[in-house]
Amino acid sequence: MAKIAILGFGTVGSGVLEVFRTNADKAARRAGQPVEVKYICDIRDFSSRPDAALFVKTLDPILNDPEVTAVVETIGGTKVAYPYVKAVLESGRHVATSNKELVATHGAELLALAREKGVCFLFEASVGGGTPVITPMYQCLAANNLSEVRGIVNGTTNFMLTKMEREGMDFEGALKLAQSLGYAETIDPSADVDGIDAQRKICILASILFGRHFYPQNVAARGIRDVSVKDIALARRQNAAVKLIAWAKQTEDGPALAVEPMLVPRESQLAGVDDVFNAVMVRGDMLGDVMFYGKGAGKLPTASAVTADVLDALRNGGSIHESLFWTDSEPMEGVYEDASPADRYVRAEGGAAAVRAVFGDVEILDEADGETAFTLRGKSVAQTRALCEEAARQDVRVKNVLKWLTL
Ligand SMILES: NC(=O)C1=CN([C@@H]2O[C@H](COP(=O)(O)OP(=O)(O)OC[C@H]3O[C@@H](n4cnc5c(N)ncnc54)[C@H](OP(=O)(O)O)[C@@H]3O)[C@@H](O)[C@H]2O)C=CC1
Ligand SMILES: N[C@@H](CC=O)C(=O)O
């Protein structure tokens, strides 16, 4: 019988207990032995629950119990989760976590520690929630050189954009609904809306892709605050959808990665990914493109991925880190940009004549309510930025810029 502990009994942690209880037989077969949740550590009061005896308020009773061999971390953030996870790994126990902030900030160090101790540090649920992305990347695609990953990795914003497109729901209403469904980050939902959650996730995917640690501060991230119902309608007129895309790729100048709302042509499979669903496309030199699609957030989908990691750890042990590993690296100055030219949708205050005076002979998509929307073709990030700055000097305020995703 394997004994485990859950740290943090919120949306995901309570889901892990439910998955273990509902699918106990399946879990026992997979782990090679029955699995019992012996402790749950949470600062909240659960004394009225029938299983109140499981609850503890700190990590100490768990560390002091030699029967516990694996620990689930679903507290979130790094303040408590980082020292807790480090202590658990140092004590020679496996860790499975859904905490992308922890992995994006301390992943290389924790992987090295797990390797040193011969235990597992697994984090499948940290990207894609319940959708397997990380394990396929380092296991099933191991015979490929991977050059690119791109996808929709934030369930909350994808849910919100879908509600805005289909039901004309406003931004605040869509966010409240996503929060009530347990999709949004509880500590700070602006992590979803401002692209920070996706920034952490693309760092994890890029670290696997390139084999060295990528830090969030080196990744330009924009969320969906500037996306209006009007942008979505104009995108639809151009046979495209607005999606928050996280991408990382190898370019001639080295790695490039970012998170940004983009215009996604309907021919792309990513355009049809709606609601809380996530989808990640990985490009390999042998397989070509492969897409992983499924629920990116929510209690049971996410918990199912965390639980699977615990079962893998119990069954296979630390040898997994012969394939799941990346080296540490120093954060650099600035961000990893893609310098190649691209086409962009731009919406700015002012008439078509004022817009053309700055941006040249651009294709006008719409001119209404004192705003002009147009397509700016073949400009790099730096050129686009310079044009927007020049526009501001000429009283043409740019309200949104969305790069077209190439297929
Ligand atoms: N929700 C989702 O769909 C998904 C979440 N994730 C990630 O999973 C992690 C957990 O998310 P989620 O379950 O939504 O978060 P919740 O806020 O619902 O759960 C966290 C729990 O941990 C408790 N907690 C806080 N501090 C401590 C502490 N010192 N010791 C023990 N427990 C503590 C919290 O209590 P209190 O409320 O009092 O602070 C809360 O009960 C996060 O990293 C998140 O990003 C990943 C994929 C999907
Ligand atoms: N808040 C996140 C939860 C999963 O990581 C999201 O919306 O995707």
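Here is a walk through the two ligands and the two largest pockets of this model.

The model is predicted, so local features need pLDDT of at least 70 and side-chain atom pairs count only at pLDDT 80 or more, while totals for chains, interfaces and linings use all residues. Residues are numbered from 1 along each chain as written, chains are lettered from A and ligands numbered from 1 in written order, and side-chain values use heavy atoms, without hydrogens and water.

Let's begin with the open space. A pocket is an open set of points on a 1 Å grid over the protein atoms alone, with protein on both sides within 12 Å along at least five of seven lines, and its lining residues have an atom within 4 Å of a point. The largest pocket holds about 1000 Å³ of space, a volume being the space filled by probe spheres set on the points. It has 45 lining residues, and Thr74, Ile75, Gly76, Glu185 and Thr186 are closest to its centre. Helix H10 gives the largest share of this lining, 4 residues.

Ligand 1 sits in this largest pocket, meaning that more than half of its atoms lie within 2 Å of the pocket's grid points. Around ligand 1 there are 23 residues, with Ser98, Lys100, Glu185, Thr186 and Gly298 nearest; a residue counts if one of its heavy atoms lies within 4 Å. Among the polar contacts (pairs of N or O atoms within 3.5 Å), oxygen atoms of ligand 1 lie 2.9 Å from a backbone N or O atom of Thr11 and 2.7 Å from a polar side-chain atom of Glu185. The protein covers 83% of the 890 Å² of accessible area that ligand 1 has on its own, by the Shrake-Rupley method with a 1.4 Å probe.

Ligand 2 takes up space in the largest pocket too. Its shell has 13 residues, the closest being Lys100, Gly155, Thr156, Tyr183 and Asp192. Glu185 appears again here, with a side-chain N or O atom 2.8 Å from a nitrogen atom of ligand 2. An oxygen atom of ligand 2 is 2.8 Å from a side-chain N or O atom of Lys201. Protein covers 93% of the 250 Å² that ligand 2 exposes on its own.

Finally, turn to the second largest pocket, with a volume of about 490 Å³. Its lining counts 21 residues, and Arg222, Glu260, Arg344, Val381 and Arg385 lie nearest its centre. Strand E16 (398-404) is among the contributing elements and gives the most, 6 residues; strands are DSSP runs of at least two residues, helices of at least four.

Definitions and conventions:
Polar contact = N/O pair within 3.5 Å; in protein donor to acceptor, adjacent residues only side chain to side chain. 1 Å grid on protein atoms, 1.4 Å probe; cavity = no way out; pocket = protein on both sides within 12 Å on 5 of 7 lines; lining within 4 Å.
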